[in-house]
Amino acid sequence: MPSVRPFAAGDVDAVADMFQRLLRKSRLPASADLRAYLRALFLDFCKHDPDICSRVHVRDDGTVSGFLGVLPFDMRFGDRSVRAAACGTFVSDTRESDPFAGARLLRDVLSGPQDLSFTETSNDISTSMWRSMRATPLAPYSLEWLRVLKPSAFLLAAAAPRLPGLKLLAPLARGADRFVTRRGGQQAWIHYSPAAGRADALVDTEAENDEFAGLCLEFAGRFALRPDWDQTTLETMLGHAERKALHGERVQRVVRTRAGKPVGLYLYYGDRGGIGRTVQVMAAAGHEAIVLDRLLRSASERGLAAIRGRTQPNLLQAMIGSKFAFLQTSATLVHARDPELLQAAVNGQAFLNGLAGEGWTRLIGDRFG
Amino acid sequence: MSDEIKTTVRTFVVENFLFGDDSQPLASDLSFIDNDLIDSTGILELVGFLEERFAITVADADIVPANLDTIDRIAGFIARKQAA
């Protein structure tokens, strides 16, 4: 009879094969790099809490036909320790012919020992499944923000995946963008020009993983429900996040007052002419707008056409009035038996997405050689 | 009792997976999977309904076609659970 069981080292090849075929849509065999990474992420990284683990669905003949990736997270709610499961990679080889596989995987994971389960990368099908399990979608965490910096370059970058030849028009686009920016003056949703303001009183500097991790811990402290990372774990995660070849060069910076006091940080990826991807923005209370402006300045100075990222409720207010656009691509959902935990998430008091999720992993945005 | 269960399950299936369309008779031995009546979300909804309506606990290992792929199989499964 088919079964669901914890993911083990012997399943890595089968899961890598499904990941490559079904999620990356590639006919090439899964590389040794991908196999090694799946092992490092879903086995080695998760050793500290072996009860909260990824699952595989196994057919009668013993072959693997489904996988749900789970990363255990220690969290804190006030003074209370909370065990959380960040669920991400969800793939089933037999979704059409055997709908039982996906259903059993999700049900098995959500009935685990954790206090809280969440996902930040749920597509429409997974969202329906999570909702059937009485999970709650979190709208303020489920939007993708987009800030256009250079309109012509943005149009080229948006169309380039389908029409690569358009890249030849890049010099023309740069000229058009210079014209728009010169004439634009005030802030507009189709372009960005740094405006004199409070952000001028701040500076931002490159940060190594150890410093960045320490400040993440500090800024996360303002959330009622937050990750309870230790410095070593967070540095390990930032080590994973060093490479996202498909998204571009990493930019990891801390924003400070001129006196040197840190007031925020950001981590994004992007190359000149492209659309940057933000993994994390954090700010001290009251400094959200300034930190976002420093992020936009950095992206603009580096020649990015636009930059995007995932919303967090504490940043939404600062984004309003700063010409951000919003769209929905995937959803954040949370499942908790304790109504207080659920309420904290619904009220926007939880630190979720990005580093508290799976956005930091190489599975999102990296190339496997 | 079994007929009652079948009627209740049939009503649920028609309302939730056939969007209320009962113009074609839904045979008790019609496979949900072979006829594309149900997907992964539908299975989770069906299991949730059975647990609530019939006061049973469905274990992960119970969620297999042998128990849940037709109205007949579901009725038999519920009867076994209630007798246990």
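A pocket is an open set of grid points with protein on both sides within 12 Å along at least five of seven lines. The model examined here is a predicted one. In this model, the largest pocket holds about 1,300 Å³ of space. Its lining is made up of 42 residues. Five of these lie nearest the centre of the pocket: A:Thr121, A:Ser122, A:Ser330, A:Glu358 and A:Ile364.

Several elements of chain A build the lining of the largest pocket. Two helices, helix 1 (12-23) and helix 4 (124-132), each supply at least two residues. So much is also true of strand 4 (80-92), strand 5 (116-122), strand 12 and strand 13. Strand 4 of chain A gives the largest share, with 6 residues. By class, the lining of this pocket contains 14 nonpolar, 18 polar and 10 charged residues.

Enclosed spaces were searched for as well. The whole structure contains 2 cavities of 30 Å³ or more. The largest cavity has a volume of about 90 Å³. Two strands of chain A, strand 12 (275-283) and strand 13 (306-310), each give two or more residues to its lining. Strand 12 provides the largest share, 4 residues. Among the residues that line the largest cavity are A:Thr278, A:Val279, A:Gln280 and A:Val281. A:Gly309 and A:Arg310 also line this cavity. Other lining residues include A:Trp145, A:Leu315, A:Leu352 and A:Asn353. The lining of the largest cavity divides into 5 nonpolar, 6 polar and 1 charged residues.

The second largest cavity encloses about 30 Å³. Strand 12 of chain A again gives the most to the lining, here with 3 residues. The residues around this cavity are A:Arg222, A:Phe223, A:Val281, A:Met282, A:Ala283, A:Gln312, A:Asn314 and A:Phe351. Of these, A:Val281 and A:Gln312 also belong to the lining of the largest cavity. By class, the second largest cavity is lined by 5 nonpolar, 2 polar and 1 charged residues.

The interface of the two chains was examined next. Chain B contributes 18 residues to the contact, and chain A contributes 17 residues. The size of an interface is often given as the accessible area lost when the parts come together. Here, chain B and chain A bury about 1,600 Å² between them. Carbon and sulfur atoms account for 62% of this area. On the side of chain B, B:Ser40, B:Leu44 and B:Asp60 supply 38% of the area buried against chain A. No other three residues supply more.

Polar interactions also cross the interface. The rule finds 3 salt bridges between chain B and chain A. One of the salt bridges joins B:Glu52 to A:Arg134. The closest N and O atoms of this pair are 2.8 Å apart. Polar contacts between chain B and chain A number 5 residue pairs, with both residues at pLDDT 80 or more.

Two helices of chain B, helix 2 (40-54) and helix 3 (65-68), each give two or more residues to the side that touches chain A. Helix 2 supplies the largest share, 8 residues. By class, this side of chain B has 11 nonpolar, 2 polar and 5 charged residues.

Note on methods:
Residues are numbered from 1 along each chain as its sequence is written. Chains are lettered from A and ligands numbered from 1 in the order in which they are written. This is a predicted model: local features need pLDDT of at least 70, side-chain atom pairs count only at pLDDT 80 or more; totals for chains, interfaces and linings use all residues. Side-chain values use heavy atoms; hydrogens and water are left out. Contact means heavy atoms within 4.5 Å. Buried area is the accessible area (1.4 Å probe) that two parts lose on being put together, summed over both. A salt bridge is a side-chain nitrogen of Lys or Arg within 4 Å of a carboxyl oxygen of Asp or Glu. A polar contact is a pair of N or O atoms within 3.5 Å; within protein, one must be able to donate a hydrogen and the other to accept it, and residues adjacent in sequence count only if both atoms are side-chain atoms. Ala, Val, Leu, Ile, Met, Phe, Trp, Tyr, Cys and Pro count as nonpolar, Asp, Glu, Lys and Arg as charged, and the others, Gly among them, as polar. On a 1 Å grid over the protein atoms alone, a cavity is a set of points where a 1.4 Å probe fits but cannot get out, and a pocket is an open set with protein on both sides within 12 Å along at least five of seven lines; lining residues have an atom within 4 Å of a point. Grid points are joined across faces, edges and corners, and a volume is the space filled by probe spheres set on the points.
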